[in-house]
Amino acid sequence: MGAQPAGVGETVLTLDRVSKRFSEAAAVDSVSLSIRRGEVFTLLGPSGCGKTTTLRLVAGLERPDAGEITLRDRVVASAARRHFVAPNQRNLGMVFQSYAVWPHMTVFENVAYPLQLRGLPKAAVREKVARVLDLVGLGGTESRPGTRLSGGQMQRLALCRALVYEPDLLLLDEPFSNLDAKLREQMRVEVKLLQRRLGITVLFVTHDQVEALSLSDRLAVMHRGRVEQVGSPRALYERPASAFVRDFLGQTVVLSGSVAAPASGSGPGRVTVAMNGTLTGCTLTGRNAAEAALAPGAAATIAIRPEDIQVAPDDRGPREAHHLLGAIDALSFVGDRYEARVSFGGEHGIVLLLTRAREWREGERVRLGFPPELVTVWPA
Amino acid sequence: MAGLSDALAAPRPRRLELPGVLCTLVLAAVALCVVFPLLLVALQSLQVAPPGQPARYGLDGWRAALGEPGLRAALVNTLTVTFARQLISLPLAVLIAWLLARTDLPGRSWIEFGFWAAFFLPPFTVTLAWILLLDPEYGLVNTSIAALPFVGAGPFNIYSFWGIVWVHVVTGSLTVKVILLTPAFRNMNAAFEEASRVAGAGTLRTALRITVPVMAPAILSVLLLGTMVSLQTFEVEQVLGLPFRFFVFSTTIYDLLVTRVPRYDAATALAVLILAAMLPLVFAQQWLTRGGRYTTVTGQFQSRVHALGRARVPVTIGVLALVVVVLGVPVAFALLGTFMKLFGFFHVPDPWTLANWRTVLGDELFLRSLHNTLVLSIGTAVAAILVHSLIAYIVVRTSYAGRRLLDFVSWLPFTVPGIILGLALLWLFLGVAFLRPLYGTTTLLIIAGVIAGMPLGVQIIRSGLMQLGAELEEASRIAGATWWTTYRRIILRLMAPTLLAVGMITFVGAARNIGNFALLTTTANRPLSILQLDYVAQRKFEEAVVVACIIMFVSLAGALFARLLGLRSGLG
């Protein structure tokens, strides 16, 4: 992750049980978060989960109905005390989904606008604008109309405009969603490098889990206006606290069964599940993801990331524990690997990624290993 | 429509904060200038004492109004004229808007300008021009046809129901619809049409099955607007209807007001009736423009044009002929009329003269009126841009509790005939102590002009604002700008074309306004539009048509100016 900038640990932004309703529906429901100096914090969730509303509450573009928002020891919105600081007095930077590059201004004028509002002398404005434009490789475009740039350039311009006055916090509202796939990846890396170099604090909103995982120091998964889980990308990916977080972050293979009697050999916290359907007779073991112990006989599901399943050709050897046998139904070559649908005899199948080190065939029988340390068991 | 909106995932309208005090101030000012006068009108309808005597309240006015023998006829006439106007002009306007916006019609941008310019022509001037052509005895068309062998008399009579309908169609009805609908058609997402073409439909079927239904909200909105305007027209009926005792609502009211003892009670009772009839139309209009019904047609798409193919030549000729009828004929004949010794009489020996121009231009009254008109029109345009944009902004962008009310109130000036609004303003300015000094000043006329232009001005700015992404404003707020700075440096700049268009429309509206000003002017603040009316009243038609021509040229200059600034505006 690179060297952490100085001052890490100091809290820049705190949300304390913040709620916002639109007519009857709660868009944001009692959300509490705290964001530390120098980190990239991401709000991740499907559309309509309240992440953009949360961001707009922080920006001051919406007023909270309940709760309190604190920005660097200054309360900027408090429903209880009827206190509200206008967006222009919060010293935040924001990059909008549409970039919101002002079409009636040139590149220079767009970036200079916030500095002029802060009453900087002309020379200082020119110098600061030139420096920030150079930083993102837009030097030389100063006199072009802001909207006569390519998508990636407009994005950089919007970023410059948000950064040029060194805001306390940079807000990014799905800034990559209007870019094509290649450019998106490139901008992601650029933003991350820039953030590390300048040590700015970023609150980032996205529905794209790849963006969220790759860009964040910490992230919060939101669902129906609530925060489901907060943690580092790796912690959330590997130890999701809820089925929603598990399924939203990355791919998951889920199979159902019921809790078997505690079997010998399973360690502490381990649960063995007897599979049902066409897999009746097979058992898999994994870590209990729920807080409570699972009673024998209760319906349960096992979950595992597809890349954690060990796939081998079926050599018709003896049946082993923690293995299932299946057949490749459909196989497609997607460049760096194969994508295979493996079924267990019934209608349902699971989708796996297979290495291209071996030639696979449709109809081939495979042996799937489910390492107990990577399998989780959830109450159904 | 809901399905389409959902498919395009229209974002929830965003509400920004504008200090509630300012909003309330605007609402209060608008209420004082619009609602209060209308309440005075309603109150006046119950005040039955003749002018100059102590007030006495009763239902005599209503009885007189409802018992007025001509009322039934006026009601029928108003409705039938309105219906005939809309029936002819709407399909024609939709067709022309579609041709201008969605096909490769040659010279379409100049043709569109032709309709723009025609929209700016004062109805009074146009009416005079058509009299020259269609007068049953002396009209040039009639005398030409009568000169043909085997034809007895000319077939046309402008002093008739169809004469009135004709003049209406070629003045306001058609052109206003074309200039409002064309931008809306232009902004429609071409993908809707392309999907239909790919699915196997031809150009015509696509237009009828896809384009027109998708545009239905805009078309309906224009129809409602047109109907409201029709219900309160005045000049055309006053000039053409009087000779054959054909009255509509507004001329009946005028008749009640200009008799020796004005019947304010009966006139205002009739006005209240019209107001009541208009309210459902206002509610329908508001329902249409609310809640993203327009979001199906946003400007972010490339709109591609259809090839007309073999129909190109005949269609072009047809549309050009229409431009000649709505623009060329009135301009040419109004101008011709100014050079006639006796207006409308082509067959007198040596009918041409320059004396009319000399008389008018040498008249000191004229110069003062010209000055008044210019001050009035420019003042109205500037004030209208500020007031209308503020109202539109509050309605579209803020979460102010009274924004719906403000939106509704901004429609009210359309709900009563101009002459009644003028009368109501007269009572307001004579009745309220701190406004009394304004009587007889041009400021008073500017206020009247801003109010008269309010419904159209607010609506045009409003639809422009709805297309302007809220994020452009929000970005400015986040960058540290106050609301006022954002309004000045972002909103006004981005809305400049729309605002200038509204400015031009109100400029021209004020230059030619008769109904609202007729009762508010004194010799000190009399503008050209009232001067021409005074000339008519003195039977000086030749002078009147000279003044009408000058108003027309001021209007056309306005249209050209707007065009040079590259303005395009409308609903959608």
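Q: Is the crossing of helix 17 and helix 20 of chain B left-handed or right-handed?
A: In this predicted model, local features need pLDDT of at least 70, side-chain atom pairs count only at pLDDT 80 or more, and totals for chains, interfaces and linings use all residues. Residues are numbered from 1 along each chain as its sequence is written, while chains are lettered from A and ligands numbered from 1 in the order in which they are written. A crossing is left-handed if the near helix is turned anticlockwise from the far one by less than a right angle, and right-handed if clockwise. For helix 17 and helix 20 of chain B (helices are DSSP runs of H or I, at least four residues, and strands of E, at least two, numbered from the N terminus), the crossing is right-handed.

Q: Why are helix 17 and helix 20 of chain B oblique to each other?
A: Axes are lines fitted to C-alpha atoms, for helices over the stretch in contact, and angles run from 0 to 180 degrees between N-to-C directions. Angles under 35 degrees count as roughly parallel, over 145 as roughly antiparallel, 65 to 115 as roughly perpendicular and the rest as oblique. Helix 17 (364-397) and helix 20 (442-452) of chain B have axes 8 Å apart and pack at an angle of about 45°.

Q: Which strands are the edge strands of the open sheet in chain A?
A: The sheet has five strands in the order 16-20-17-18-19, with antiparallel pairing (at least two DSSP bridges between two strands). Each edge strand pairs on one side only: these are strand 16 (310-313) and strand 19 (349-354) of chain A.

Q: Which residue of strand 20 of chain A is the bridge partner of A312(A)?
A: Strand 16 and strand 20 (residues 365-369) of chain A run antiparallel and are joined by four bridges. In strand 20 of chain A, the partner of A312(A) is R367(A).
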